[in-house]
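Visitor: Could you take me through the charged pairs and the nonpolar parts of this model, with the reasoning behind each statement?

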Amino acid sequence: MKLREYFLINERNRRYELRNVKNKTIMSDLQGLGYRYNTKYVRVGNTYKLDNKELEQGTLSAEIAFLDYMQYQEFIRYIEQSENLRLIYKPLNVEYFRDVDFVGIDNITKKFNLVQANITLNCKGLYYTEESKRFVVEELEGESRWPLPFPFTFNDYSSVAIDINNTGHTEGEILAEIFGYTEQPMIELIVDGKTTHKVVFDITVQEGERLLYSAKDGDNYVMLEDAEGNQTNVWSCMSLENDNFFKLPKGVSTLRVTSQTGVMNKIVFRILTAYKGV
């Protein structure tokens with residue numbers, strides 16, 4: 001039977017494997033992988049009516065052992081050199097990500113070269129998957145190419161519609177990259193044949209540039225990146241009349257991307273499918 005796998009990954013995409021003898025690090029199964037609600041009831045006669053229900057912030061903890069003291073120091077160095085951490089939890093064949101804050105490592109005991117301790121992480125959001133929901137839309141030599149299993153519909157290359165089935169436990173977060181050359185691109189969310197949300201970017205993305213868009217909770221942004229990788233905040237290119245940061249509802253919906261002038265280049269989407277428990 002294959003053991004569950006656990007990793008930490010930082011903003012530089014550097015992973016630290018938490019359960020690997022070759023890495024001289026062995027961690028027990030994390031406690032707190034499930035989820036709970038805080039509930040408040042109002043008494044009405046002899047019955048109780050649910051008045052408020054909120055998801056509790058998750059806390060993860062485990063026992064961890066380092067097979068030598070140098071590896072313990074390497075782990076501390078990794079933590080302190082990381083600004084943003086995510087936990088990767090792989091119970092079977094799917095990697096689930098969760099944004100976390102390192103709270104501490106304590107109850108440290110040392111016997112010969114073995115260092116044992118307790119580790120605690122605070123969760124900043126839900127579990128989500130991303131790699132299986134990443135797709136690229138581009139046209140090469142007159143052909144439109146894309147990876148399965150996403151069904152795309154092309155009217156012409158100035159309009160691309162993508163049907164997505166969000167199987168998560170809550171709304172899915174959208175991240176997009178729109179490559180130049182294109183003028184005034186627009187992303188629409190269509191549910192049951194009707195446009196429910198849209199964002200219009202009143203900007204020209206030159207060849208070699210790309211427009212970066214994130215509707216992730218706590219990390220909303222719109223930036224223009226030039227050919228050298230320099231990024232500039234371009235919030236002003238969006239109309240305040242629209243709900244510019246929106247999510248995919250549960251179930252089937254459609255994302256449609258259009259360009260004001262009918263000229264488009266490559267588009268990359270990442271859909272973060274969120275789960276309360278995995």
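Visitor: Is E95 buried, partly exposed or exposed?
Guide: This is a predicted model, and E95 has a relative accessible area of 22% in it. Buried would require under 20% and exposed over 50%, so the class of E95 is partly exposed.

Visitor: Which side chain does E95 meet in a salt bridge, and where do the two residues lie?
Guide: E95 sits in the loop between β7 (85-90) and β8 (96-111), while its partner belongs to strand β2, 80 residues apart, so that the pair links distant parts of the chain. The partner is partly exposed, with a relative accessible area of 37%. At 3.0 Å from N to O, the side chain that meets E95 is that of R15.

Visitor: Is D68, which meets K24 in a salt bridge, buried or exposed?
Guide: The side chains of K24 and D68 meet at 2.9 Å, N to O, and the pair links the loop between β2 and β3, which holds K24, to the loop between β6 (59-66) and α1 (69-80), which holds D68. K24 counts as partly exposed at 37% relative accessibility. For D68 the relative accessible area is 16%, and because the limit for that class is under 20%, D68 is buried.

Visitor: How far apart are the closest N and O atoms of R210 and E177?
Guide: R210 lies in strand β20 and E177 in strand β15, so this salt bridge ties together parts that are 33 residues apart in sequence. R210 is partly exposed, with a relative accessible area of 23%. The closest N and O atoms of the two residues are separated by 2.2 Å.

Visitor: Which residues are linked in a network of salt bridges?
Guide: The structure holds 13 salt bridges. Side chains of opposite charge can pair when their charged atoms come close. A network of such bridges links R14, E74 and R77.

Visitor: How many residues make up the largest nonpolar core, and how many the other core?
Guide: In the largest core, the residues that touch the most other members are I187, F201, L211, Y213, V222, L255 and F269, and strands including β14 (159-166), β20 (210-216) and β24 (267-275) each supply at least two of its residues. Apart from it lies another core, with M27, L33, I79 and Y89 among its members. The largest core has 29 residues, and the other has 28.

Visitor: What is the area of the nonpolar surface patch that includes V21?
Guide: V21 lies in the loop between β2 (15-17) and β3 (25-27), and because its relative accessibility is 57%, V21 counts as exposed. Together with I26, L67 and L114, V21 makes a nonpolar surface patch of about 300 Å².

Note on methods. Residues numbered from 1 in each chain as written. Predicted model: local features only at pLDDT ≥ 70, side-chain atom pairs only at ≥ 80, totals over all residues. Heavy atoms only, no water. Core = buried A, V, L, I, M, F, W, Y, C linked by side-chain atoms within 4.5 Å. Buried < 20%, exposed > 50% of the residue type's maximum accessible area, 1.4 Å probe, protein only. Helix = DSSP H or I, 4+ residues; strand = E, 2+ residues; numbered from the N terminus. Patch = residues over 30% accessible without salt bridge, like charges linked within 9 Å, V, L, I, M, F, W, Y side chains within 5 Å. Areas by Shrake-Rupley, 256 points an atom, 1.4 Å probe, with all protein chains shown as cover. Salt bridge = Lys/Arg side-chain N within 4 Å of Asp/Glu carboxyl O.
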